[in-house]
Amino acid sequence: MASTAPRLARLGSLLARQAAPASLLQQQFRTFSDKAAAEAARATPEAAKAESDSWGKVRAFQVVLFGGLTGGLLYGYSLFTSQVPQTGPIAGVAAVPPPAPKTSTPGDYPAVRSSIAALLDSPDWDDGSYGPLLVRLAWHSAGTYDKATGTGGSNGATMRFSPECEWGANAGLAAARKLLEPVKAEHPWISYADLWTLAGVVAIEEMGGPTIPWRAGRVDHPDGQKIVPDGRLPDASQGAKHLRSIFHRMGFEDRDIVALSGAHTLGRCHTDRSGFSGPWTNAPTTFSNLYFQELLNNKWRKKKWDGPLQYEDAKTGTLMMLPSDLALLGDRTFKKWVSLYAKDQDAFFKDFSVAFGKLLELGVPFPEEQQQPATA
Ligand code: HEM
């Protein structure tokens, strides 16, 4: 009995700690311990002394226990008063805040360029690079511009919102926007509008193309209120008249239309996006004048298939042209530029660089001091 009482007291405290809430625990613990101590004291003087020592330890333990509990409660309160997620797997639960993500210094565009360049190569994507997809994103973000009203263009990055993100012409570009999210997280100070256009520029340069003049200054619109009417991007099933009406509306000339179309040296068509299928060249991740050479030097025949009208090269049937591409051969003025670019890559690079740089700036209200195009 003399040695079992203190043991009981300790066991009681342990059980109470695990099962009872703080205030109840304290009360029960004290009652149980007091009874056990009195019982032990009645037994023998040695047992009473042993019990008194043990009681002192229990008291010390109580101080530590309740001190810890109070500290824990205060810490818990501090977490709950910080942000608690309202949705997702840990909704309503305050978590220890994650370490701040690594971010770059505002204005460090070389760092943004490096991040974009680092994600281009991807063996699992199409022909091994996201480059062509990013060029298309940049072009479609800007190609909505209308010179007469000053509406549309890359400023605002309105493709983040419905209905622009759902336009048929933009099918497949969600993958490009998603791809760039980690870059935005790493450089949160850059606007989406600047990021998307810079991604197109970096992709062209990384794939061996010319340097494109680019400067920062686009801002993101907070919502889709400034989205322009659908139908401003070109329709691949149409001809020269349509191309002129689309590109002249942006302020481009015939020569620019041909130079810009040279971007189809990159990438391919996808049945699940545009409905068309296949690449224009056999080197779709290298920027070159190959598109013009293929266009000019091949015999093109209608592809026999269930899909929309498109053309294939008569020799191999592996390359494709859209009706809008062949329109560049059927129009005398357009064909003049096709012929020049097919034999003179430098001329193509020079003209493409100017036209693509201009496209990405259409409608962008740069601050006065930045009026001169620059390469960041
Ligand atoms: C001239 C009028 C144009 C028409 C009708 C047109 C049409 C198309 C179509 C139908 C596709 C296939 C989309 C898919 O299925 O994934 C495509 C892809 C592409 N376009 Fe154009 N485009 C035009 C001009 C341009 C311009 C001006 C550029 C850039 C300067 C450009 C860059 C690209 C690129 C890089 C791809 C490949 C995308 C990929 O591989 O994912 N296009 N275009």
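Two strands count as paired when DSSP finds at least two bridges between them. With that in hand, we can walk through this structure, which is a predicted model, and begin with its strands.

Take the pair β3 and β4. Strand β4 covers residues 311-313, and three bridges join β3 to it, with the two running antiparallel. One of these links is easy to find: W300 has D313 in β4 as its bridge partner. Now widen the view a little. Three strands make up an open sheet, in the order β3-β4-β5, with antiparallel pairing. The edges are held by β3 (300-302) and β5 (320-321), and each has a single partner strand, so one side of each is left without a neighbour in the sheet.

Stepping back to the whole protein, you will find 14 helices and five strands. The protein has 376 residues, of which 34% are buried. Look also at how the chain meets itself: among contacts between residues at least 6 apart in sequence, 70% join residues at least 24 apart.

Next, let us look inside. In soluble globular proteins, nonpolar side chains tend to be buried together. Here, the largest nonpolar core has 67 residues, and those that touch the most other members are L134, W196 and A199. Helix α8 (residues 192-206) supplies the largest share of this core, 10 residues. Where does the core sit with respect to the domains? Domain 2 (109-231 + 363-367) and domain 3 (240-355) both contribute residues, so the core lies between them. To get a feel for the packing, centre your view on L134: leaving aside residues up to four places away in sequence, L134 touches A176, A199, G200 and A203.

Finally, turn to the ligand. It is surrounded by 24 residues, and the closest are P132, A263, G267, R273 and S274. The elements giving two or more residues to this shell are α5 (131-142), α10 (254-261) and β1 (268-269). Which of the elements gives the most? That is α5, with five residues. As for chemical character, the shell around the ligand divides into 14 nonpolar residues, seven polar and three charged. The domains come into the picture here too: domain 2 and domain 3 both give residues to the shell, so the ligand lies between them.

Methods:
Residues are numbered from 1 along each chain as its sequence is written. This is a predicted model: local features need pLDDT of at least 70, side-chain atom pairs count only at pLDDT 80 or more; totals for chains, interfaces and linings use all residues. A residue is near a molecule or strand if its C-beta atom, placed from the backbone, lies within 6 Å of it. Helices (H or I, at least four residues) and strands (E, at least two) are DSSP runs, numbered from the N terminus. Ala, Val, Leu, Ile, Met, Phe, Trp, Tyr, Cys and Pro count as nonpolar, Asp, Glu, Lys and Arg as charged, and the others, Gly among them, as polar. Domain bounds come from an automatic or database domain assignment. A residue is buried if 20 or more other C-beta atoms lie within 10 Å of its own, exposed if 12 or fewer, and partly exposed in between; C-beta atoms are placed from the backbone. Two residues are in contact if their C-beta atoms, placed from the backbone, lie within 7 Å. A nonpolar core is a set of buried Ala, Val, Leu, Ile, Met, Phe, Trp, Tyr and Cys residues joined through C-beta atoms within 7 Å.
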